[in-house]
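Reader: Before we begin, I would like to understand how the words used for a structure follow from its values. Could you take me through them step by step?

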Amino acid sequence: MEYLNELNGEQRKAVELLDGPVMIIAGAGSGKTRVLTYRVAHLINSGVDPFNILALTFTNKAAKEMRSRIETMVGPEARNIWMGTFHSVFAKILRFEGERIGYPSNFTIYDSADSKNLIKAILKEEGLDDKTYKPNLVLNRISAAKTNLISANEYLKNDELFTEDRMSAKPKLGLVYKKYSDRLFKSGAMDFDDLLYWTNVLLRDFPDVLNKYQDRFKSIMVDEYQDTNYSQYLIVKRLAAKFENICVVGDDAQSIYAFRGANIENILNFKKDYPDVKTFKLEQNYRSTKHIVGAANHVIEHNKDRLNKTVWTSNDDGELITVTRNMTDNEEGMSVAQSIFQTKMNEQATEKEFAILYRTNAQSRSIEEGLRKMNLPYRIYGGLSFYQRAEVKNLVSYFRMVINPQDEEALKRVINYPARGIGKTTLEKAIVLANDWEKDLWTIISDPITRNSQFNAGTASKLELFVNMIKSFQAELKTVDAYELGSKIASSSGLLRDLHADKSPEGVSRYENIQELLNGLKEFVEDKPGEDEIIDEPEAKTLDLFTRDIALLTDSDKDNDPNNNNKVSLMTIHASKGLEFPYVHIVGLEENLFPSQLSLSSREELEEERRLFYVALTRAEKKVNLSYAVSRFRWGNLVHSEPSRFIEEIPEKHLNVNASKPISSKNSVTSPSWNRKPQLRTSTKQSGTVSRADLKSRNLTKYDDSREPGELDTGDGTSEHVARMIVGTEVIHDKFGKGEIVAMEGDAPNIKATVAFQGAGNKQLLLKFAKLRIVGKAKQ
DNA sequence: GGAGGCCTCGGAAGG
DNA sequence: CGAGGCCTCC
């Protein structure tokens with residue numbers, strides 16, 4: 001129990017009190033993770049079975065980190081702790097218990113893109129205009145309902161909700177919710193909110209299940225409690241009701257997810273739910289300088305809704321916080337990059353010690369440009385996740401089909417990719433049948449009688465081929481490992497071939513992404529039983545185990561390129577929560593951007609923006625730099641901005657305000673943006689880079705010049721001209737220029753040629769349409 | 001059937 | 001400005 005001596009008084013008390021309800025209010029940088037980690041270790045050392053501990057976090061990364069830290073303290077036993085995000089832990093439980101609520105254990109988890117596609121499909125089927133029923137709005141409304149445990153049927157019966165929807169001209173919203181739920185159910189799928197919703201249903205309606213998990217989770221810990229929503233709150237409350245050994249950790253000042261239903265009241269009201277709660281406040285900040293802590297404290301004091309807490313530090317005063325004024329967003333990018341470059345030189349710092357934080361992802365572009373000009377390597381966190389990329393998602397959709405063929409969104413993605421002649425018309429017809437007969441899509445296309453009676457012979461046989469292919473994969477699901485089956489699917493489906501044929505840079509990158517996914521499968525197979533998996537019994541390394549929780553993974557779960565990590569970090573402030581950096585730049589401190597203009601209508605929303613700023617400030621250890629631009633491009637327009645009110649909320653004694661002029665910023669400063677189009681063209685050419693548009697127009701001009709009158713009319717699908725084309729023939733295309741035929745397929749008149757163009761990469765062209773001219777014979 | 005052009009629309013955040 | 005949807009043309 002040596003480790004207890006590494007804690008300060010308050011931390012130690014929080015770690016040592018193992019019974020009853022405990023609330024830990026942990027200021028930024030106050031050693032929260034350490035307390036959580038030590039408390040779990042202490043539970044185990046005090047005789048609690050790791051199987052009886054449930055630790056819930058908000059990110060996979062946090063769970064992973066905590067588990068490995070606990071493991072170094074208590075050994076491999078740490079693997080038996082139920083630790084993970086709310087979504088991953090309860091997905092796991094739902095796979096055990098799902099039968100109770102009519103879900104199979106192999107249910108699919110829809111990610112937000114799947115959900116949105118399903119909503120769009122339903123709107124179309126119901127003839128609802130997606131300008132009135134904007135898919136995102138519809139989804140938010142459904143999400144809010146689920147978070148508050150209102151089912152579709154209850155929604156339809158609720159007059160108040162109906163009135164709201166009618167007032168906003170969306171009277172059919174309840175119907176859409178109902179159709180959406182039915183479709184998810186029919187597809188054996190749950191969306192993110194369902195994982196929590198159905199867990200609540202399970203614990204509410206099945207006392208034996210509730211009892212089982214209450215007994216299993218004798219001790220419960222919840223991190224980032226300020227960010228729990230009602231649904232999560234209720235799960236925790238239900239599970240903890242028996243023993244009340246619940247410890248929640250959070251910081252009201254860092255609650256930044258109210259927009260997606262997080263309820264700050266959960267932390268503020270903890271005392272009401274558990275009157276005998278013991279509260280500990282971690283107020284000593286070990287991370288930041290006095291200037292930073294002082295500034296952050298003053299900022300957050302402008303909020304009304306707060307718990308009483310005084311964060312302090314015994315660290316040095318440190319440097320003043322600088323404020324830099326820039327004329328444009330581009331200039332801001334330059335000045336940030338130059339500042340980093342200088343700090344790097346003056347302080348012997350390395351790139352990985354710097355973070356640039358912004359309110360919106362769109363702001364990264366001008367920053368990136370600045371960093372590139374200064375040759376500073378950087379890494380952007382967030383953005384499109386690996387698994388969201390189209391090509392990766394397509395292959396994963398095959399995997400999903402193999403595991404759960406009722407998965408309609410997966411089916412729609414792969415049924416005609418790669419192209420196999422099952423077009424829109426066929427798919428639409430199948431969907432109509434599925435809806436009319438209340439069956440799922442797969443049942444419609446896989447049943448031979450339906451297939452042969454409802455589709456013409458050609459279509460039916462194409463459908464049959466597809467169905468048989470999926471079935472052949474399914475047959476191997478339990479007999480071969482994930483890598484073997486995954487590779488087989490990638491090649492037998494034709495997906496790999498299709499991507500391999502595309503030699504454009506984007507095509508090559510898509511191909512590489514597929515290879516990376518397959519490598520991931522290989523690693524998964526070769527790995528020892530899951531480090532971050534909750535182990536009850538070891539499971540075979542089959543494709544379903546790999547695939548089923550992919551929707552819950554984010555990119556931060558698969559980064560960490562060890563030889564390549566000395567980079568400046570760029571991310572949104574939301575993404576920076578829980579991280580720390582010696583040097584932090586917070587950019588875009590402008591009214592209507594930060595605070596966001598969308599948040600100015602209410603005090604609550606403005607306070608959330610302010611907490612966001614508080615989070616940003618408290619990421620820094622040594623130095624904070626704030627910057628803003630007087631004008632910036634937003635949505636293609638130049639807009640003028642005032643400095644953010646948040647700057648004024650920092651007392652002057654912590655600030656060093658200077659206007660910066662980048663050293664070499666001729667482009668960004670002297671070319672006024674209002675006539676940017678011609679200017680930009682000129683400047684790109686001068687700097688030696690050629691845009692794609694430029695390239696294209698050059699090619700066009702060139703081949704237009706060389707074209708002889710009348711020649712265009714010779715190429716037609718049935719002419720002799722075409723018949724002379726074989727693999728290896730050199731041809732000229734009006735737009736793509738010179739190239740060589742590398743492959744031909746199909747029968748006349750629908751012969752499709754793959755042509756490798758010198759400038760434009762590989763293109764597939766139908767000869768009857770593409771007017772190719774022969775310029776050279778195939779080489780023998 | 002698919003690529004590219006044109007147009008509209010959104011615009012924050014993540015498991 | 002960029003992504004995504006629709007239309008056209010090959």
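Author: Gladly, and please keep in mind that this is a predicted model. Around DNA strand B there are 27 residues, and those that come nearest are Lys134, Phe259, Arg260, Thr554 and Trp635. Of the atoms of DNA strand B that come within 4 Å of the protein, 48% belong to sugar and phosphate.

Reader: What makes the pair between Arg260 and DNA strand B a polar contact?

Author: A polar side-chain atom of Arg260 lies 2.6 Å from a sugar or linking oxygen of the strand, and because a polar contact requires N or O atoms within 3.5 Å, this pair qualifies.

Reader: How do you know that Thr85 and Asn361 make polar contacts with DNA strand B too?

Author: For Thr85, an N or O atom of the side chain is 3.3 Å from a sugar or linking oxygen of DNA strand B, whereas for Asn361 the partner is a phosphate oxygen, at 2.7 Å. Both pairs are within 3.5 Å, and therefore both count as polar contacts.

Reader: Which helices supply at least two residues each to the surface near DNA strand B, and what classes of residue are found on that surface?

Author: The helices are α10 (192-205) and α28 (573-576), while the surface is made up of 10 nonpolar, nine polar and eight charged residues.

Reader: Why are 51% of the residues of chain A called buried?

Author: Chain A has 780 residues, and 51% of them count as buried because their relative accessible area is under 20%.

Definitions and conventions: Residues are numbered from 1 along each chain as its sequence is written. Chains are lettered from A and ligands numbered from 1 in the order in which they are written. This is a predicted model: local features need pLDDT of at least 70, side-chain atom pairs count only at pLDDT 80 or more; totals for chains, interfaces and linings use all residues. Side-chain values use heavy atoms; hydrogens and water are left out. Buried means under 20% relative accessible area, exposed over 50%, partly exposed in between (1.4 Å probe, protein chains only). A residue is near a molecule or strand if one of its heavy atoms lies within 4 Å of it. A polar contact is a pair of N or O atoms within 3.5 Å; within protein, one must be able to donate a hydrogen and the other to accept it, and residues adjacent in sequence count only if both atoms are side-chain atoms. Helices (H or I, at least four residues) and strands (E, at least two) are DSSP runs, numbered from the N terminus. Ala, Val, Leu, Ile, Met, Phe, Trp, Tyr, Cys and Pro count as nonpolar, Asp, Glu, Lys and Arg as charged, and the others, Gly among them, as polar.
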